[in-house]
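Hi,

Here is the structure I promised to pass on to you. Please open it alongside this message and follow the residues as you read.

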Amino acid sequence: METQALKYPAIRNYVAGQPIDTPAAALLDVFSPLSGAVISAMPLSTAADLDAAVKAAQAAFPAWSATPIKERVQIFYRYKTLLERDMQALAELVREENGKTFDEARAEVEKAVELTEFACSLPQLVQGEFLEVSKGVEARAERKPLGVVASIAPFNFPNMVPHWTIPNALVLGNCLILKPSEKVPLSAVKIAELLKEAGLPDGVLNVVNGDKTIVEAICDHPDIKAVSFVGSTPIAKVVYIRATSNLKRCVALGGAKNHLLVLPDAHPEMTASNVAASMSGCAGQRCMAGSTMVGVGNVDHIVSKLVEEARKIMPGKNLGSVISREAKARIERYITEAEAAGAKVLLDGRGAVVPGHEDGYYVGPTVIDYVTPDMAIAQEEVFGPVLAILRTKTLDEALAIENANPYGNAAAVFTQSGSHARYVMDHASAGMIGVNIGVPVPREPFSFGGWNESKFGACDITGKSSIEFWTQLKKTTTKWNPESRVNWMS
Ligand code: NAD
């Protein structure tokens, strides 16, 4: 009864092409971090609810996997136009459930369009191989879907991250279970509805809402063949170990601590604006956020410009909120502890309040200089609009700091020197490197994925690398001519 007063009706799982009830599931409040208000509710589904979705996916798989890829892809051409048609509404939903700015939310949906476009190119990339291997004997290799697969998503990109997996996995012939973050479950419903409108057969995509219980049930379900996960490193490890110990294929992307190495010859304005945007975009809640800057030599002139740039970032205007009250408290604690340990707070975002949204979860842009490598703020993922600046005398010292951190998502260097840039490209221990770029996301057709504790599993999650993840090779050897000589190789 209470849920009728909510801005968005309580959401339901989406199974076999329709929203379904989950009578055994408790309801969890969904908050908008912009205002702190409860805007919806979502079911904490049970393992039985997951099983119903897997059965629907299994029922859809034979017909879907037998549909030629050139037909499957037509649905995604239509889907792309629906994403574009509903761009404003989809972005508004992301803004409201996640708290990022409207422009950031829109950029996220635009990225979903790009990911869908890449999936539409898959028929050109998966055509298989063929060779006459002996006289009259032909071998061919073709990519086949795995069956029912699953995608587990984090809170920070409610629309984009599901598009890292859904279009590629489905175009390649799989049926998929999506488990959105319980903090941002609204966008997933719209994605499922729009795919149905585009003509996706029922059961090919199913959405199961829930928390840890559903993640564990996915890892354990005997009929799920592959699991992709995006979230924090401790959970990525647990999921990777549990899914693979159940003999499933798994790629699990984790957290990050990305270092931006700034040299004295870097272009001052470009560097300042790039570093400020990298640390504060999406309120610092990006796995590609540059949360640590390492100044090599005297970079005071760049730091002062950077602080000027960061001062222009205003909570509630061009800076969104962080996801929760707990996240705000955690981020502010990192700042306070660094200050107590001797770091110098140049710009302080603690206690930010947006008039009219006093209960929203805002942290202002924060720049802290003279952080040392032993401080927690230098080592741990803060996930807020906070830049910790460390100082070194040499590039090798800066690279040693970058190499020592356990993560390995992104690293960037700001310099006008090609040889210094090349040195960082060769020696940074990260999967995605930027040269004068603060958020070096490899756009399609390049694939997204980090190194070290930022990713577990062999393949990347997007782009060409994901083809390997979502398919298995079938090799066929054929001989039609009875006169062909038979030997051990034929
Ligand atoms: P999270 O790890 O808390 O949650 C991710 C998913 O795991 C959610 O669907 C959640 O329901 C589930 N989950 C939570 N606790 C669990 C448990 N104990 N057992 C099983 N499942 C559990 O992550 P988050 O807070 O939603 O997202 C932020 C994190 O994600 C950050 O660390 C960020 O760096 C990371 N991230 C990484 C990438 C990347 O590409 N490497 C991209 C986006 C976000």
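Let's start with aspartate 86: it is buried, because its relative accessible area is 16% (buried means under 20%, exposed over 50%, and partly exposed in between, with a 1.4 Å probe and protein chains only). Before going further, please keep in mind that this is a predicted model, in which local features need pLDDT of at least 70 and side-chain atom pairs count only at pLDDT 80 or more, while totals for chains, interfaces and linings use all residues. Residues are numbered from 1 along each chain as its sequence is written, and side-chain values use heavy atoms, with hydrogens and water left out.

**Salt bridges**

Which residue does aspartate 86 meet in a salt bridge? Its partner is arginine 85, at 2.8 Å from N to O (a salt bridge is a side-chain nitrogen of Lys or Arg within 4 Å of a carboxyl oxygen of Asp or Glu). Arginine 85 is partly exposed, at 48%. By that rule, the count comes to 32 salt bridges.

Two others sit inside helices (helices are DSSP runs of H or I with at least four residues, strands are runs of E with at least two, and both are numbered from the N terminus). In helix 1 (residues 47-66), lysine 55 and aspartate 51 are four residues apart, about one turn of the helix. Their side chains form a salt bridge of 2.7 Å, N to O. Lysine 55 is partly exposed at 48% relative accessibility, and aspartate 51 is partly exposed at 26%.

In helix 2 (residues 69-85), glutamate 84 and lysine 80 are also four residues apart, about one turn of the helix. Their salt bridge spans 2.8 Å, N to O, and glutamate 84 counts as partly exposed because its relative accessibility is 38%. Elsewhere, salt bridges link Lys111, Glu114, Arg443 and Glu444 in a network.

**The sheet**

Next, find the open sheet of seven strands, with mixed pairing and the order 14-15-16-13-12-17-18 (two strands pair if DSSP finds at least two bridges between them). Why do strand 14 (344-347) and strand 18 (432-435) each have one side without a neighbour in the sheet? Both stand at the edges with a single partner strand, so one side of each is left free of a neighbour there. From one strand to the next, the twist averages 20°.

Strand 14 runs antiparallel to strand 15 (residues 366-369), and three bridges join them. Within this pair, valine 345 stands opposite isoleucine 368 of strand 15. Helix 11 (residues 300-311) packs on the sheet, touching strand 12 (258-262), strand 13 (290-296), strand 14, strand 15 and strand 16 (386-392) (contact means heavy atoms within 4.5 Å). Its direction makes about 55° with that of strand 14 (axes are lines fitted to C-alpha atoms, for helices over the stretch in contact, and angles run from 0 to 180 degrees between N-to-C directions). Helix 14 (residues 395-404) packs on the sheet too, touching strands 12, 13, 16 and 17 (410-414), and its direction makes about 175° with that of strand 12.

At the strand 18 edge, strand 17 and strand 18 pair in the parallel sense over four bridges. Glycine 434 in strand 18 is the bridge partner of alanine 412. Side chains alternate along strand 18: Met432 and Gly434 point to one face and are buried, while Ile433 and Val435 point to the other and are not.

**The ligand**

How many residues surround the ligand? There are 27, and the closest are Lys179, Glu182, Ser232, Gly254 and Glu381 (a residue counts as near if one of its heavy atoms lies within 4 Å of the molecule or strand). A polar side-chain atom of glutamate 182 lies 2.5 Å from a ligand oxygen, and one of glutamate 381 lies 2.6 Å from a ligand oxygen. Alanine 153 uses a polar backbone atom, 2.8 Å from an oxygen of the ligand.

**Two loop residues**

Threonine 462 sits in the loop between strand 19 (455-456) and helix 16 (465-470). Is threonine 462 buried or exposed? It is buried, because its relative accessible area is 2%. Its side chain reaches the backbone nitrogen of phenylalanine 448 at 2.8 Å (a polar contact is a pair of N or O atoms within 3.5 Å; within protein, one must be able to donate a hydrogen and the other to accept it, and residues adjacent in sequence count only if both atoms are side-chain atoms).

Valine 353, in the loop between strand 14 and strand 15, is exposed, with a relative accessible area of 56%. Valine 353 and glycine 316 are 37 residues apart in sequence and 8.6 Å apart in space, C-alpha to C-alpha.

Happy exploring!
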